[in-house]
Amino acid sequence: MATDIKVPDLGDFKDVEVIDVLVKPGDQVDVDTPLISIETEKATMDVPSTAAGVITSLALKKGDRVSKGTLIGQIEAKGGAASAVAAPAGAKKTSGAVEEPVSTPSISKEQSDRNAGAPAKAEAPSQPASGGGPAGGEVRVPDLGDFKDVEVIDVLVKPGDRIDVDTPLLTLETEKATMDVPSTAAGVVKSLALKKGDRVSKGTLIGVLEGGAAPAAKAAPEAPKAPPAEPAKAAAPAAAPAKKEPTPAPEAPAPAATKGLPQIDEAGFARAYASPSVRKFARELGADLSRMKGTGPKGRITPEDVKSFVKQALTSGAPAGGGAAAGGGALPKIPEVDFSKFGEIEVKPLSRIQRISGPHLQASWLNIPHVWQMDEADITELEETRKKLKGEAEKQGIKLTPLAFVLRACVLALRQFPNVNSSLESSGKNLILKKFINLGFAADTPGGLVVPVIKDADKKDIYEIARELADLSAKARDGKLKITEMQGATFTVSSLGGIGGVGFTPIINAPEVAILGVAKSSFKPVYQDGQFVPRLMLPFTLAYDHRVIDGAAGVRFTTFLAEKLADVRGLIEAVP
Ligand code: CAO
């Protein structure tokens with residue numbers, strides 16, 4: 001026989017909107033499985049099933065309005081009538097139809113940051129918190145309605161804090177809801193009688209206040225406040241700046257940050273606008289509600305929003321564990337603006353190279369604490385020599401550009417400073433020092449930025465480096481580079497000197513630990529031997545991973561490099 005399941009007593013609430021129907025005919029449900037989510041102007045709550053069995057019919061749909069006794073649907077127990085449920089005190093049970101709630105609707109944690117009043121029936125404390133004294137005095141736990149022996153999940157004040165009437169003192173958590181206990185008096189906290197993990201009931205001493213204004217006889221946990229009109233507002237802690245933001249405890253054991261998902265920001269999670277069932281679902285998946293954009297009415301987060309958030313996090317390859325983006329956290333989103341509202345637009349897909357290199361650059365930017373050390377090298381002699389050698393080199397098919405000299409100078413500097421030619425092990429505990437020097441160089445191509453690699457650059461002289469630089473550049477521009485020609489770099493140089501600019505701050509080509517950015521050389525007045533003389537100066541920047549290279553080492557590297565570039569003979573010497 002099918003059993004009617006009806007909306008339980010909702011306290012003061014009537015004609016409440018159904019914002020979600022969480023089950024469908026054919027679903028097997030247990031006692032307490034949430035059936036519908038309803039929303040009053042004060043709170044969002046799930047209505048759990050009062051019986052176990054299979055849903056045979058549903059009488060409600062999203063948008064309907066319900067009051068106590070409205071039929072939700074029918075449940076048929078496997079092999080007969082739906083199993084009767086042991087109703088807690090206060091619940092009336094009739095044979096067949098369940099007239100009264102077997103369990104109180106579970107209230108969304110979104111109220112918890114502003115005092116979730118569980119069954120919205122909290123009465124004024126039978127004993128005024130301060131004992132009715134003129135100011136300060138004892139503050140006790142008010143009447144918690146049906147709840148007893150409730151866990152303190154947070155103590156929100158400490159001795160010495162000045163508090164007002166209504167300042168939240170404790171956060172309590174029942175099985176159904178999380179609620180703050182506001183102070184019933186103003187004053188300075190003299191002592192606290194409770195700590196996290198303690199259990200309290202009506203009348204338990206919270207602490208003693210001294211001084212301050214006369215206490216106001218104040219009701220128990222505040223009534224839940226209305227859900228936010230917009231999710232953005234929900235996130236803004238602007239409501240009561242003077243009050244301490246409670247940190248609610250997880251509703252269920254928080255799973256360790258799921259791979260690919262950022263860790264849950266508990267305060268944000270608590271503020272998020274979602275029904276208890278959606279909260280539970282998000283908890284199970286380790287998904288942080290505070291990072292989701294709700295697509296439900298008034299920005300409420302729906303189960304679909306949770307699913308698409310998780311899907312997106314898992315497919316985007318967001319780093320998990322270890323990096324800055326990981327361990328921490330997720331990035332605030334850049335707002336999407338519909339520019340077509342302001343004028344004509346064209347949507348152009350990124351190139352394949354851009355789609356590949358973009359996440360790599362972002363990972364480096366987010367994971368590596370970059371420092372940029374700038375310097376300039378006097379390349380007056382280098383350029384004079386290069387011009388002399390250029391013609392001869394050209395006859396041999398070699399284009400001797402300034403970059404070849406820079407690469408050669410880098411080889412010498414990397415030999416001198418082997419840490420710059422290293423990588424940090426992912427454990428963060430060891431450096432991997434490479435006994436070879438493979439120089440990557442950024443090449444601008446019609447399809448985007450690529451990084452060909454001159455292998456064993458330390459075994460090649462300036463002409464061999466120049467030849468390879470030109471060959472690989474041509475291949476890069478023609479899109480003919482092999483994968484192997486872009487692998488194995490130990491250090492990278494990015495030269496924009498052929499184009500212009502006085503300097504720039506390159507992003508390290510991780511997992512390398514440094515990159516050199518070279519800008520355009522120009523003549524500058526340099527003070528030498530008591531006078532200003534025109535010298536050709538080459539500006540460059542070393543970006544380095546500060547976890548591996550400290551500032552002194554960084555500037556030693558750039559100083560050494562500048563010295564080597566100023567000494568052209570050392571650069572054109574044959575490689576031993
Ligand atoms: N200062 C002044 N002039 C410079 C210079 C510098 N630092 N570097 C190069 N030049 C000159 C060269 O001498 C050459 O002039 P000549 O033909 O008169 O000798 C001209 O600029 C062009 O050089 P080039 O670009 O052909 O050769 P290159 O070896 O300097 O660079 C390559 C090769 C592949 C690095 C370059 O073509 C390139 O793609 N650069 C862009 C790299 C890039 O996009 N980096 C940004 C990465 S994202 O951060």
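These exercises work through the ligand site, the strands and some buried residues of the model.

The model is predicted: local features need pLDDT of at least 70, side-chain atom pairs count only at pLDDT 80 or more, and totals for chains, interfaces and linings use all residues. Residues are numbered from 1 along each chain as its sequence is written, and side-chain values use heavy atoms, with hydrogens and water left out.

**Exercise 1. Describe the chain as a whole.**

Step 1. Take the secondary structure. The chain has 10 helices and 28 strands. Helices (H or I, at least four residues) and strands (E, at least two) are DSSP runs, numbered from the N terminus.

Step 2. Take burial. Of the 576 residues, 45% count as buried. Buried means under 20% relative accessible area, exposed over 50%, and partly exposed in between, with a 1.4 Å probe and protein chains only.

Step 3. Take contacts, meaning heavy atoms within 4.5 Å. Among contacts with a separation of 6 or more, 64% link residues 24 or more positions apart.

Step 4. Take the surface. The accessible area of the chain is about 28,400 Å², and carbon and sulfur atoms hold 55% of it. The areas come from the Shrake-Rupley method with a 1.4 Å probe; for residues, only the protein chains shown count as cover.

**Exercise 2. Map the shell around the ligand.**

Step 1. Find the nearest residues. The ligand has 24 residues around it, and Thr401, Asp444, Ser494, Ala519 and Ser521 come nearest. A residue is near a molecule or strand if one of its heavy atoms lies within 4 Å of it.

Step 2. List the polar contacts, which are pairs of N or O atoms within 3.5 Å; within protein, one must be able to donate a hydrogen and the other to accept it, and residues adjacent in sequence count only if both atoms are side-chain atoms. A polar side-chain atom of Lys399 is 3.0 Å from a ligand oxygen. An N or O atom in the side chain of Ser494 is 2.9 Å from a ligand nitrogen. Ser521 uses a polar backbone atom, 2.9 Å from a nitrogen atom of the ligand.

Step 3. Add the cover. On its own, the ligand has 970 Å² of accessible area, and the protein covers 73% of that.

Step 4. Assign the elements. Those giving two or more residues to the shell are helix 6 (380-395), helix 7 (402-416), strand 22 (443-445), helix 8 (462-478) and strand 25 (491-495). Helix 8 gives the largest share, 3 residues.

Step 5. Sort the shell by type. It holds 11 nonpolar, 7 polar and 6 charged residues. Ala, Val, Leu, Ile, Met, Phe, Trp, Tyr, Cys and Pro count as nonpolar, Asp, Glu, Lys and Arg as charged, and the others, Gly among them, as polar.

**Exercise 3. Trace the strand pairings.**

Step 1. Start with the open sheet. Its 4 strands have the order 1-8-6-3, with antiparallel pairing. Strand 1 (2-6) and strand 3 (28-29) are at the edges with a single partner strand each, so one side of each has no neighbour in the sheet. Two strands pair if DSSP finds at least two bridges between them.

Step 2. Register strand 1. It runs antiparallel to strand 8 (residues 71-76), joined by 5 bridges. Thr3 faces Ile75 of strand 8.

Step 3. Move to strand 4 (residues 34-39). Of its 6 residues, 5 are buried. Strand 2 (residues 16-21) pairs with strand 4 in the antiparallel sense over 4 bridges, and Val21 has Ile36 as its bridge partner. Strand 5 (residues 44-48) is also antiparallel to strand 4, with 5 bridges; here Glu39 is the bridge partner of Thr44.

Step 4. Finish with strand 13 (residues 168-173). It is largely enclosed by the rest of the structure, because 5 of its 6 residues are buried. Strand 11 (residues 150-155) joins it through 4 antiparallel bridges. Val155 stands opposite Leu170.

**Exercise 4. Place three buried residues.**

Step 1. Ile379 sits in the loop between strand 18 (370-378) and helix 6. Its relative accessible area is 2%, so Ile379 is buried. Leaving aside neighbours within four places in sequence, Ile379 contacts Ser521, Leu536, Leu538 and Leu565. Ile379 and Ala566 are 187 residues apart in sequence, yet 5.4 Å apart in space, C-alpha to C-alpha.

Step 2. Thr385 belongs to helix 6. At 17% relative accessible area, Thr385 is buried. Beyond neighbours within four places in sequence, Thr385 contacts Val568 and Ile572.

Step 3. Thr445 is part of strand 22. Thr445 is buried, at 9% relative accessible area. Its side chain reaches the backbone oxygen of Gly448 at 2.5 Å.
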